[in-house]
Amino acid sequence: MSPTLHLPGLVDVHTHLRVPGGEHKEDFVSGTAAALAGGFTQILAMPNTSPPLATLDVLHATRAIASETVRCDVGLYAGASPQHVDELRALAAQAVALKIYLNDTFGPLRVEELPTLHGCFRLWPRDKMIAMHAEGQSVAVGIGLAAAYRRPVHFCHISRRDEIELIAAAKQAGLPVTCEVTPHHLFLTDQDAARLGPLGDMRPRLATQDDRDTLWAHIASTVDCIATDHAPHTLAEKASTNPPPGVAGLETALPLMLTAVQQGRLTLDRLVELMALNPRRIFGLPAQPDTTVEIDREARTTLANDRLLTRCGWTPFAGMVVQGLVRRVTLRGQVVYDVDRPEALAPPGAGRVI
Ligand SMILES: [Zn+2]
């Protein structure tokens, strides 16, 4: 078995790059560097920024910043908000997908009104995905909307037994629903949350061992994508009296999942489906020709804060020993990341805005 493994460029449909308004946590320059270091060449950025990507002005200006600063390919979500439903069609021209927050998250985007949900499902183009942050019985609301409007709905960061089992039932009934799970929900539990404090706090919160085991039980079937929910905050913010929820994830997802492959929890083919093929197909993202990730599959490393390229500079997985090291990333024939040559990192603006 060759020690070098070649994978296609990975696709992450759930990142927070914090532009505009949170650039001290992350921006397109640092966030896309972290993406490439993690083997991701195509990522989608969430709209709960400050101000949110919920108006044409903000979305347009953010696309312009992205086109000058991204190192890998980036698409932007538009955010649903009750005040701007009438802008949805115009927003769709600038965004790859719509995000609807049915439950509490970081930032002000939260939809609680049925008229707004109707508006989203009526106005958002049918060829673009609607993704939902739905926890608990909100998953049933999303499934109901997918059924009533006969259109695909993607569920973000599913984390609990009841939720994944409901999605499995919806799929069995033939409904057009898909879902993602995060590495932190696959590798950590509420026990870790107690140990990590604010550094183990995110939405959805870390769940029980039973929830985690159930996600793994569905990894070869119900789960469609691994998504990082990369949500950086500074250590100072995490140490404050009111720490915001969210943890970084772009640089740890692939080594964690490769470690799971080595442990026999999923196959390498399934990893490629979950981290590249399915997310691209589900969100209708463009192919990236001549794009590969070279991995030293025999390297064992200890995840460490001081090696991260994300601006926030920390990970809840620090200290964990993982299998597999990203050595080199090639995007459209160009080397855009080399672990031994920092100067090979793609410059800001080298990536495309989808
Ligand atoms: Zn998120």
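How many salt bridges does the count come to? The count comes to 17 salt bridges, where a salt bridge is a side-chain nitrogen of Lys or Arg within 4 Å of a carboxyl oxygen of Asp or Glu. Before you start clicking, note that this is a predicted model, in which local features need pLDDT of at least 70, side-chain atom pairs count only at pLDDT 80 or more, and totals for chains, interfaces and linings use all residues. Residues are numbered from 1 along each chain as its sequence is written, and side-chain values use heavy atoms, with hydrogens and water left out.

**Stop 1: the zinc ion**

Select the zinc ion together with His14, His16 and Asp229. Its protein donors are NE2 of His14, NE2 of His16 and OD of Asp229, at 2.1 to 2.2 Å. Donors here are N, O and S atoms within 2.8 Å of the metal (3.2 Å for Na, K and Ca); water is not among the atoms, so sites may look incomplete. Along the chain, the spacing of these donors reads H-x1-H-x212-D. Now trace the backbone from His14, in strand 2 (residues 10-15), to Asp229, in the loop between strand 9 (225-226) and helix 10 (235-238): this pair links distant parts of the chain, 215 residues apart. Helices (H or I, at least four residues) and strands (E, at least two) are DSSP runs, numbered from the N terminus.

Switch on a surface next. Buried means under 20% relative accessible area, exposed over 50%, and partly exposed in between (1.4 Å probe, protein chains only). His14 counts as buried because its relative accessibility is 1%, and Asp229 is buried too, at 6%.

**Stop 2: salt bridges**

Select Asp73 and Arg332, whose side chains form a salt bridge with an N to O distance of 2.7 Å. Asp73 sits in strand 4 (residues 73-79) and Arg332 in the loop between strand 11 (321-331) and strand 12 (334-338), so this contact links distant parts of the chain, 259 residues apart. Asp73 is buried at 4% relative accessibility, whereas Arg332 is partly exposed at 22%.

Move on to Arg160 and Glu163, which meet in a salt bridge at 2.9 Å, N to O. Arg160 is partly exposed, with 27% relative accessibility, while Glu163 is buried at 3%. Arg203 and Asp201 make another salt bridge, at 2.7 Å, N to O; Asp201 counts as buried at 18% relative accessibility.

Then pick Glu294, Arg328, Asp338 and Arg341 as a group: salt bridges link these residues in a network.

**Stop 3: aromatic rings**

There are 3 aromatic pairs to find. Rings of Phe, Tyr and Trp (its six-membered ring) pair if their centres lie within 6.5 Å; planes under 30 degrees apart count as stacked, over 60 as edge-to-face and the rest as tilted. Select Tyr77 and Phe283: their ring centres are 6.2 Å apart and their planes lie at 80 degrees, so the pair is edge-to-face. Tyr77 belongs to strand 4 and Phe283 to helix 12 (residues 268-283), 206 residues apart. Tyr77 is buried at 0% relative accessible area, and Phe283 is buried at 6%.

Next come Phe121 and Tyr149, with centres 5.4 Å apart and planes at 35 degrees, so this pair is tilted. Phe121 lies in helix 4 (residues 114-123) and Tyr149 in helix 5 (residues 138-149), so the pair ties together parts 28 residues apart in sequence. Both Phe121 and Tyr149 are buried.

**Stop 4: a charge over a ring**

Finish with Arg265 and Trp216. The charged end of Arg265 sits over the Trp216 ring, 4.7 Å from its centre. A charge sits over a ring if NZ of Lys or CZ of Arg is within 6 Å of the ring centre and within 35 degrees of the ring normal.
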